[in-house]
Amino acid sequence: MKNLLIRAVTGIIFIAVTIGCILYGAFPFMLLFACFAALAIYEFGSLINRAGIARINRMITMLGGAYLFFAFAFFFLTGESYVFIFYSFLVMYLMISELYKKNEHPLNNWAYSMLSQLYIGLPFAMLNVLAFHTGGTEADSVSYNPILPLSVFIFIWINDTGAYCIGTLMGKHRLFERISPKKSWEGSIGGGILALASAFVFASCFPSMMSTAEWLGLAFVVILFGTWGDLTESLLKRTLGIKDSGTILPGHGGFLDRFDSALMAIPAAVIYLYAVSLA
């Protein structure tokens, strides 16, 4: 009971801070998620280093993830692409530095360092694609709109919470027992239905952004790829022989645990929305 209470309080605070920063404006949004990206990458590096399969420079990789986030934001706000040059230097440093460190497994170090950027840094950076939209006038060519990034997280949270509650009460058939023994088909379907229902709320509140069918499509994409994202992180943890990616969030594990679904759902949502805009 105590653990459930701690989990609930931590979850409420985490969601409140996340929603508050998204809605408050572009700067709190950028600052919060750049920090989230850096912390998640640091956790990833700590897990890999602890497992002994590679040696990741955690400070450089977390700096890279935060910089990539701000670089995406700067690009969308100004249209200037030179900002990515400095990120390229950081990536080259990770490659060149292995020439001088005399580590036992330099290929593993390269591979896992780059994976931290591709698996974690890039999806977080792509949140800017959802948040910054081109306007209709030259004077206001780019504007910050919190609704799309907020909707993605709300779909994920409702899906995860619904899957947990319904799976606990009714779950009998395992969804992916080899990787995540506790997840059930009943929970996944129930959580998905609740998340799809929330898409109708977004459609009624923001009809000018997308049609009801398009909102439902976005919710479905987030649910599907969010589930795969959750299972992907479960595979990572099972391979490394750990339960949680960290302990910074009482009752919830680490930042990787909190954003596992989003790491797949965000890129999928961006692709879906581009497809919708081109249709």
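**Overall build and a nonpolar surface patch**

The protein contains 11 helices and four strands, taken as DSSP runs and numbered from the N terminus (helices are H or I with at least four residues, strands are E with at least two). This is a predicted model, where local features need pLDDT of at least 70, side-chain atom pairs count only at pLDDT 80 or more, and totals for chains, interfaces and linings use all residues. Residues are numbered from 1 along each chain as its sequence is written, and side-chain values use heavy atoms, with hydrogens and water left out.

So how does the overall size work out? The C-alpha trace spans about 60 × 55 × 35 Å along its principal axes. The radius of gyration is 19 Å, which agrees with the value near 19 Å for a compact globule of 279 residues; it is taken over C-alpha atoms, and the globule rule is 2.2 Å times the number of residues to the power 0.38. Of the 279 residues, 45% are buried, meaning under 20% relative accessible area (exposed is over 50%, partly exposed is in between; 1.4 Å probe, protein chains only).

Now for the surface. Tyr82, Ile85, Phe86, Phe89, Met92, Met95, Ile96, Leu99 and Tyr100 make up a nonpolar patch there, together offering about 990 Å² of accessible area. Patch members have over 30% relative accessible area and no salt bridge, and nonpolar side chains (Val, Leu, Ile, Met, Phe, Trp, Tyr) are joined within 5 Å, like charges within 9 Å. A salt bridge puts a side-chain nitrogen of Lys or Arg within 4 Å of a carboxyl oxygen of Asp or Glu. Areas come from the Shrake-Rupley method with a 1.4 Å probe, and for residues only the protein chains shown count as cover. Helix α4 (83–96) and helix α5 (98–101) each supply at least two patch residues, with α4 giving the most, six. Met92 sits in α4 and is partly exposed, at 40% relative accessible area.
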